[in-house]
Amino acid sequence: MSLLPKPVHVAICIPMDDGMTNAGLMQYQQVLAGWGLNQKPRQYRFSLLVNTFMRPVEYARNLLVRDFLKTDAQYLWFIDADMIPTSSTTAIFEVDADMVCGRAHAFQDYPGGKTGVKISAHTKEKGSDLFLNILPKDDDLIVQDVEACGTASLLIKRHVLEDPRMHLPTAYVDGDGVAKDINDEKDKESWAPAVFRTLYKPNGMLVRGEDIDFTYRATQLGYSLKIHLGAEIGHYKKMDVDGVERAARQALIRHGAKIKALMEAEVRKEAVNV
């Protein structure tokens, strides 16, 4: 009698730095559970790890890595608390790579007050600290290699997080100038491994965020990172009045010609009815 293969364990990790998320993301956990159960044979099973009110975000991610490594999960799947999964989000599971990110969008300000949308996947500009957002065309491959990406929807194989080379130096100097090591605090509940970090210049200027830093260090070690442009995930944002104006500008930039055509058609229709 042959046994069915054991389903792959995926730990979904959600850092909730303000203790909140959106209802769509919570409902998605049930969708994933059903998706895993309905596969014949069952390929995946999902568990959920969250932390709340843990800041800054790199510390929240390190705590989740700590908790993930205590499980038997083969994959860590970061989904940020302000994301809205879609029916295509799980397409990242179709890609065999050490790390796979989905198509997550964020606002991008352009000269002249214009606002557009960028994809949180990047290539590094040679000779600088700048990371350039990829700008896919309609006829591009749906799966592409990238050098770095955001963690809005990022699937990571366990061996990447277990690799000692991905763990940062643990020695530090406290505010009184005393040399210490975070691993001396392993017995404390607050301890976490040093895997994610945000890089700043000495004057406080940001060099790169914790997500770009982590994924770029991994690709520089030879780990593969791919984006699936069909694995879309929405980005939930609260808006004030300025945010509404910003969204309107974005709509005009992306769909200006279509909006103009629809408005002209409505005007013609009203003229006929007069």
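Guide: A contact means that heavy atoms lie within 4.5 Å of each other. Keep that in mind for this structure, which is a predicted model.

Visitor: What share of the contacts in the protein chain with a separation of 6 or more comes from residues 24 or more positions apart?

Guide: Such residues account for 72% of those contacts.

Visitor: How many helices and strands does the protein chain have?

Guide: The secondary structure comes to five helices and 16 strands.

Visitor: How do I read the pairing of strands, and which strands pair with β7?

Guide: Two strands count as paired if at least two bridges are found between them. Strand β7, residues 121-124, pairs with strand β10, residues 148-149, in the antiparallel sense over two bridges. There, H122 of β7 has A148 as its bridge partner. β7 also pairs with strand β8, residues 131-133, again antiparallel, over three bridges. In that pairing T123 is matched with L132.

Visitor: What joins β7 and β8?

Guide: The two strands form a hairpin, with six residues between them. In the turn, G127 has a positive phi of about 75°.

Visitor: How is burial judged, and is M16 buried or exposed?

Guide: Buried means a relative accessible area under 20%. M16 has 7%, so M16 is buried. This residue lies in strand β1, residues 8-16. Its C-alpha atom is separated by 8.7 Å from that of V57, a residue 41 positions away along the chain. For the protein chain as a whole, 40% of the 274 residues count as buried.

Visitor: What about the surface that the protein chain exposes?

Guide: The exposed area is about 16000 Å², and carbon and sulfur atoms supply 56% of it.

Visitor: How do I read a nonpolar core, and how many residues has the largest one?

Guide: A core is a set of buried nonpolar residues joined through side-chain atoms within 4.5 Å. The largest has 29 residues. Those with the most contacts inside this core include L76, M99, A121 and F214. Several elements each supply at least two of its residues, among them β1, α2 (57-69), β5 (99-110), α4 (210-220) and β16 (225-235).

Visitor: Which residues does F214 touch?

Guide: Leaving out residues up to four places away in sequence, F214 touches M99, I156, V160, L161, M166, V195 and F196.

Visitor: What lies apart from the largest core?

Guide: Another core, of 24 residues, lies apart from it. Y44, W77, M83 and I92 are among its members.

How values were computed:
Residues are numbered from 1 along each chain as its sequence is written. This is a predicted model: local features need pLDDT of at least 70, side-chain atom pairs count only at pLDDT 80 or more; totals for chains, interfaces and linings use all residues. Side-chain values use heavy atoms; hydrogens and water are left out. Helices (H or I, at least four residues) and strands (E, at least two) are DSSP runs, numbered from the N terminus. Buried means under 20% relative accessible area, exposed over 50%, partly exposed in between (1.4 Å probe, protein chains only). Accessible areas come from the Shrake-Rupley method with a 1.4 Å probe; for residues, only the protein chains shown count as cover.
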